[in-house]
Amino acid sequence: MTAMPGTDLPVAEPLPPTDALLQVRDLQKFFPITSGVLIQRKVGAVQAVDGISFDLAAGETLGLVGESGCGKSTAGRTITKLLEPTGGSVVFDGKDISHLSPARMRPLRREVQMIFQDPYSSLNPRHTIGAIVGAPFRVQDIKTEHGIKTEVQGLLERVGLNPEHYNRYPHEFSGGQRQRIGIARAIALRPKLIVCDEPVSALDVSIQAQVVNLLEDLQNEFGIAYIFVAHDLSVVRHISDRVAVMYLGKIMELADRDELYSAPLHPYTQSLLSAVPVPDPERERQRDRILLVGDLPSPINPPSGCVFHTRCWKVQDRCKVEVPEYREIVPGHRIACHFPEERTVLGEVKGSAASAGLMGADEVLVTSVNSPVTGAVVTPPTGAEFADPSA
Ligand SMILES: Nc1ncnc2c1ncn2[C@@H]1O[C@H](COP(=O)(O)OP(=O)(O)OP(=O)(O)O)[C@@H](O)[C@H]1O
Ligand code: SF4
Ligand SMILES: [Mg+2]
């Protein structure tokens, strides 16, 4: 163990191999940018995912949050091998699947599945529900005791759909029902891992709650591990055991969900949490809100040093040149920042305006800033870099 620069905090070494169900190490996915008419030359790359590392235990849920374009979907698709990684490794159930060919990956599709955001486009409109949910059995050439139809009807019932609708087409269902069809297809072969990419973002709030509850029930029943990608921090807090916060292709902070929501250490996480609306006007007045200005920088040419430095209120010279190491600064809590400090979260955790009534979802009220880590008091952000919407 070494000391965190500028503090007395001990830091652990980078993630070692473990016996977790999923081990993601320094995973990269770059999309090449080419130019030229006859001869295509590579002129750059979109660095969509740039060196993420984490473990996922069997039956665990890891929430993945971050601004649009930060690489959440690309990370999910690379882990499930819908995309070939550029670098790093994915070890699933003790087997390195990073560079398996589609043919060698096929048997593993039984165990690694994905649910997509858009239940409209992820279901083939020309296929019946029976064909869609039964496809994994046919692709994997799996014989079932009472036939595929009986199996599929059991699955439809399990996800809250009428088994009699076996011969209907996707357009005959509502958005929530279509997502249930996608879930039935994903759980058909009892996978150990499902990457859920914004599975409820396109649904009404009341329907979101039902679908999230269904996912939880299925997890309890079958012991499935989830990577749950979402924008809604309340939903992520509700369903996740741990949460990873991504920014420009990197994980900025990863911690147990209660720790992350009550004592976020990374300036980016703090800004995300401070943006969650508070329904109580009194507490809304008390809190300081950090609204990041400017767009997410381009992943084609990410900022030097800490990729967040162009938008961080705590930026110092060192941040512009030195990439912060992704370190475990307390057990289970990793962060990529040279100057991590806790923002104390005061008051009760309450349901947000958007999610009030939704599964008792939570949000966090950030009302003051101090630093048990260094003992310093952090001045709330002011100046041109920040706009305070409550001002
Ligand atoms: N096939 C592709 N070719 C080139 N660039 C891509 C491709 N897919 C994604 N990207 C780029 O990679 C970056 C990350 O995209 P990604 O879809 O993973 O982000 P995201 O966090 O899922 O965003 P959102 O919240 O909007 O879904 C973006 O800049 C995106 O434009
Ligand atoms: S390393 Fe510097 S720029 Fe990056 S988040 Fe920490 S304080 Fe901000
Ligand atoms: Mg996405």
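## A guided tour, strand by strand and helix by helix

Start by selecting Gly63 and Phe228: Phe228, in S10, is the bridge partner of Gly63. What you have open is a predicted model, so treat each stop as a look at a prediction.

**Stop 1: the eight-stranded sheet**

Widen the selection from that pair to strand S5, residues 61-65, and strand S10, residues 225-229; the two run parallel and are joined by four bridges. From there, H5 is worth adding to the view, since this helix packs on the sheet and touches S8 and strand S9 (193-197). The direction of H5 makes about 175 degrees with that of S8.

Now colour the whole sheet. It is an open sheet of eight strands, and walking across it you meet S8-S9-S10-S5-S11-S12-S14-S13. The pairing here is mixed. Which strands stand at the edges? They are strand S8 (112-115) and strand S13 (326-330); each has a single partner strand, so one side of each is left without a neighbour in the sheet. If you look along the sheet, neighbouring strands are turned against each other by 20 degrees on average, direction ignored.

**Stop 2: Leu248**

Stay with this sheet and select Leu248, which sits in the loop between strand S11 (242-247) and strand S12 (250-256). Check its backbone: phi of Leu248 is near 50 degrees, a positive value in a residue other than glycine. Is Leu248 buried or exposed? Leu248 is buried, with 26 other C-beta atoms within 10 Å.

**Stop 3: H3 against H5**

Go back to H5 (residues 175-187) and add helix H3 (residues 129-139). Their axes lie 7 Å apart, and the helices pack at an angle of about 30 degrees. Angles under 35 degrees count as roughly parallel, and H3 and H5 are therefore roughly parallel to each other.

Show side chains at the contact. On the H3 side, select Ile129, Ile132, Val133, Ala135 and Pro136; on the H5 side, they meet Ile181, Ala184 and Arg185. By kind, the residues of this contact divide into seven nonpolar, no polar and one charged.

Next, ask which residues of H3 are buried. They are Ile129, Ile132, Val133, Gly134 and Pro136. What covers them includes H5 and also helix H4 (148-158), so bring H4 into view as well.

**Stop 4: Asp141**

Follow the chain just past H3 to Asp141, which takes a positive phi of about 55 degrees. Asp141 lies in the loop between H3 and H4. This residue is exposed, with 6 other C-beta atoms within 10 Å. Flip back to Leu248 for a moment: that loop residue also has a positive phi, near 50 degrees, but Leu248 is buried.

**Stop 5: the four-stranded sheet**

Clear the view and colour the other sheet on this tour, an open one of four strands in the order S4-S3-S6-S7, with antiparallel pairing. Strand S4 (41-56) and strand S7 (95-96) stand at its edges; each has a single partner strand, so one side of each is left without a neighbour in the sheet.

Zoom in on S3 and S4. They pair in the antiparallel sense over twelve bridges, and Lys29 stands opposite Val49 in S4. The two strands form a hairpin with five residues between them. Select Gly36 in the turn to find a positive phi of about 115 degrees.

Then turn to the other partner of S3. Strand S3 (residues 22-35) and strand S6 (residues 87-92) run antiparallel and are joined by five bridges. Two pairs make handy landmarks: the bridge partner of Leu22 in S6 is Phe92, and that of Gln28 is Gly87.

**Stop 6: ligand 1**

Finish by centring on ligand 1. Which residues are around ligand 1? Select Phe31, Val46, Ala48, Gly66, Ser68, Gly69, Cys70, Gly71, Lys72, Ser73, Thr74 and Pro299. S4, which you have just seen, and helix H1 (72-79) are the elements that give two or more residues to this shell. The largest share, three residues, comes from H1. Colour the shell by residue kind and you will find five nonpolar, six polar and one charged.

Note on methods
Residues numbered from 1 in each chain as written. Chains lettered and ligands numbered in written order. Predicted model: local features only at pLDDT ≥ 70, side-chain atom pairs only at ≥ 80, totals over all residues. Pairing = 2+ DSSP bridges. Near = placed C-beta within 6 Å. Nonpolar A, V, L, I, M, F, W, Y, C, P; charged D, E, K, R; others polar. Axes fitted to C-alpha atoms, helices over the stretch in contact; angles between N-to-C directions. Parallel < 35°, antiparallel > 145°, perpendicular 65-115°, else oblique. Contact = placed C-beta atoms within 7 Å. Buried ≥ 20, exposed ≤ 12 C-beta atoms within 10 Å, placed from the backbone.
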